[in-house]
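Dear colleague,

I am passing on the structure below, and I would be glad if you could look through it alongside the notes that come after it.

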Amino acid sequence: MVKLSGVPSLFIKIPSLFFFSIAYVTHPPIPSERVPPPQSIRLIAVGDIMLSRGVGKQINRHNDVTYPFHYSADILKSADITFGNLECAITPGNQTHYSGLRFRADPKAVAGLTYAGFDILSLANNHSPNFGQLGLIDTFSYLNKAGIAYVGAGKNKRNAHRST
């Protein structure tokens with residue numbers, strides 16, 4: 001966990017890239033007549049979702065928040081759970097400069113995430129706090145309104161570490 005510089009009341013949880021912990025729990029065998037049929041859940045997980053800079057420019061050019069997902073939405077929606085890493089804050093403001101490394105998506109872009117079928121997004125990355133406390137709180141609010149769960153950041157340490 002990293003405490004955000006200059007943002008004393010917000011925390012972001014950054015997952016370890018090189019440490020994996022596996023726990024095995026054993027229990028006595030269950031009689032076969034009591035074993036429920038196997039259930040499967042289809043999970044699709046994607047990496048960075050960038051809705052700023054060049055992608056934001058294309059969304060505006062086409063006047064279509066679903067534009068970045070036209071070729072992937074059917075696949076993404078086919079999962080029971082679709083997870084991704086949102087690599088930008090969702091907060092109103094001026095167009096960001098394309099040469100900088102501060103990423104901000106227009107709040108209307110959330111409709112594209114909904115269209116694509118995202119159920120849960122990770123905010124545990126270096127760009128979620130690009131627009132400070134207000135940018136993070138806006139991001140939480142827009143995702144909540146859209147019914148998209150998020151993990152890895154919160155208004156306090158407890159929220160940042162909550163399960164979803």
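What follows is a short account of three places in the structure.

Please keep in mind throughout that this is a predicted model.

I begin with Glu87, which sits in the loop between β4 (81–86) and β5 (89–90). Glu87 is buried and yet has no salt bridge, the nearest side chain of opposite charge being that of Arg53, 9.3 Å away; since a salt bridge requires the charged atoms to lie within 4 Å, that separation is outside the cut-off. The side chain of Glu87 does, however, make a polar contact of 2.7 Å with the side chain of Asn85. Leaving aside residues up to four places away in sequence, Glu87 touches Asp48, Ile49, Met50, Phe103, Asn125, Asn126 and His127.

The second place is on the surface, where Ile41, Leu43 and Ile81 make a nonpolar patch of about 300 Å². Of these residues, Ile41 belongs to the loop between β2 (11–12) and β3 (43–49), and Ile41 counts as exposed because its relative accessibility is 63%, where the cut-off for that term is over 50%.

Finally, Thr164 is found in the segment that comes after α5 (157–160), and with a relative accessibility of 59% Thr164 likewise counts as exposed. Although Thr164 and Tyr150 are 14 residues apart along the chain, their C-alpha atoms are separated by 7.5 Å. Tyr150 is also among the residues that Thr164 touches, together with Ile120, Ala149 and Val151, when residues up to four places away in sequence are not counted.

With kind regards

Terms used: Residues are numbered from 1 along each chain as its sequence is written. This is a predicted model: local features need pLDDT of at least 70, side-chain atom pairs count only at pLDDT 80 or more; totals for chains, interfaces and linings use all residues. Side-chain values use heavy atoms; hydrogens and water are left out. Patches are made of residues with over 30% relative accessible area and no salt bridge: like charges are joined within 9 Å, nonpolar side chains (Val, Leu, Ile, Met, Phe, Trp, Tyr) within 5 Å. Accessible areas come from the Shrake-Rupley method with a 1.4 Å probe; for residues, only the protein chains shown count as cover. Helices (H or I, at least four residues) and strands (E, at least two) are DSSP runs, numbered from the N terminus. Buried means under 20% relative accessible area, exposed over 50%, partly exposed in between (1.4 Å probe, protein chains only). Lys and Arg count as positive and Asp and Glu as negative; His and the chain ends are not counted. A polar contact is a pair of N or O atoms within 3.5 Å; within protein, one must be able to donate a hydrogen and the other to accept it, and residues adjacent in sequence count only if both atoms are side-chain atoms. Contact means heavy atoms within 4.5 Å.
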